[in-house]
Amino acid sequence: MTRRHLLEMAAVGGGIAAMAPAAAPPFTLPKLPYAYDALEPYIDARTMEIHHDKHHQAYVDNLNKAVVGDPALAALTVEQLLQKIDSLPAPLRTPVRNQGGGHANHSLFWETLAPSSKSGKPAPKLSAALDKAFGGFTAFQDKLRTTALAVFGSGWAWLSVSPGGELVIEPLPNQDSPILTGKRPLLGIDVWEHAYYLKYQNRRADYLAAILQVINWDYVSHRYEELSK
Ligand code: MN3
């Protein structure tokens, strides 16, 4: 039962106000779309388990704590919260940026990964856009990898669609989402040490070479087509 289903049921049943305040917290940890060990040997099962069950859960829990007592905000999606961050009450902006960003970023991250046997290639429309923006798939991968390698401290390297519809690669610190600057994220590479330290320790370059073997290009291509409409 997702939050959206609950809201729809509540709406059918007489309005969102019919939901008891003691209902389940508004934000919930999405299930991994594959087993913890599905990305082996590139990403190890223990890292996936801790990353999803502990790190992502903590962003969800902290976001729930931040919006508790504010039903209007709790009724929004995390993407909507990030989109309207500048109009939120001042005390909420930092938790939404960090915890909401962490929740949104990881929710997308799990979906954009797949076992290497199912990684595939960008579909024609995305492939053409990558060629146009970066000069080819190999050049795109090189740019994403070097951008991720250069992130100082904790952060992500992002492939996003800009407000003007262009594909852009950018590094962002911490859990800052591309949504904060009006972009629509397609694919993010998490380079917080929690994403790779158990298997790769300080060897971020090795982790980056590995994770590029387990990108779910079907998902990313489909997302690009949806966001380009
Ligand atoms: Mn992470």
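Okay, one term before we start: when I say two residues touch, I mean heavy atoms within 4.5 Å. And keep in mind that this is a predicted model.

Let's begin with a single residue, W158, which sits in strand β1. What does W158 touch, if we skip residues up to four places away in sequence? The list is N105, L108, L144, V168, I169, E170, L172, D176, P178, P185, L187 and G188. Is W158 buried or exposed? Buried: its relative accessible area is 1%, and the cut-off for buried is under 20%. One of those contacts, G188, lies in β3, and W158 stands opposite it there. There's also S177, 19 residues from W158 in sequence, with the two C-alpha atoms 8.8 Å apart.

Now let's zoom out to the sheet. It's an open one with three strands, ordered β2-β1-β3, and the pairing is antiparallel. β2 and β3 are the edge strands, since each of them pairs on one side only. On average, neighbouring strands are turned by 25° against each other, if you ignore direction. Then there's helix α6, which packs on this sheet and touches β1, β2 and β3. The direction of α6 makes about 75° with that of β2.

Back to β1 and β3 for a second. β1 covers residues 155–161, and its antiparallel pairing with β3 runs over six bridges. How much of β3, residues 184–190, is buried? Six of its seven residues are, so call that strand mostly covered.

β3 also takes us to the metal. Which residues coordinate the manganese ion? Three histidines do it through NE2, namely H51, H106 and H194, and D190 joins in through OD, at 2.0 to 2.2 Å. Written along the sequence, the donor spacing is H-x54-H-x83-D-x3-H. Look at H51 and D190 in particular: H51 is in helix α2, residues 45–67, D190 is in strand β3, and that pair links distant parts of the chain, 139 residues apart. Both of these donors are buried, H51 with a relative accessible area of 1% and D190 at 0%.

On to the C-terminal part of the list, helix α10, residues 217–227. Which residues of α10 are buried? W217, V220, S221 and Y224. They cover an arc of only 100° around the axis, so they end up on the same side of α10. That goes with the helix geometry we all know: 3.6 residues a turn, so residues three or four places apart point the same way. And what do the buried residues of α10 pack against? Two helices, α6 (124–134) and α7 (137–150), plus the strands β1, β2 (167–173) and β3. So this is the sheet again, from the side of another helix's contacts.

Last, the whole chain. We have 10 helices and three strands, and from the N terminus the order reads α-α-α-α-α-α-α-β-β-β-α-α-α. Of the 229 residues, 45% count as buried. If you take contacts between residues at least 6 apart in sequence, 66% of them join residues at least 24 apart. As for the surface, the chain exposes about 11400 Å², with carbon and sulfur atoms supplying 56% of that.

Methods
Residues are numbered from 1 along each chain as its sequence is written. This is a predicted model: local features need pLDDT of at least 70, side-chain atom pairs count only at pLDDT 80 or more; totals for chains, interfaces and linings use all residues. Side-chain values use heavy atoms; hydrogens and water are left out. Buried means under 20% relative accessible area, exposed over 50%, partly exposed in between (1.4 Å probe, protein chains only). Helices (H or I, at least four residues) and strands (E, at least two) are DSSP runs, numbered from the N terminus. Two strands pair if DSSP finds at least two bridges between them. Donors are N, O and S atoms within 2.8 Å of the metal (3.2 Å for Na, K and Ca); water is not among the atoms, so sites may look incomplete. Accessible areas come from the Shrake-Rupley method with a 1.4 Å probe; for residues, only the protein chains shown count as cover. The arc is that of the directions from the helix axis to the C-beta atoms. Axes are lines fitted to C-alpha atoms, for helices over the stretch in contact, and angles run from 0 to 180 degrees between N-to-C directions.
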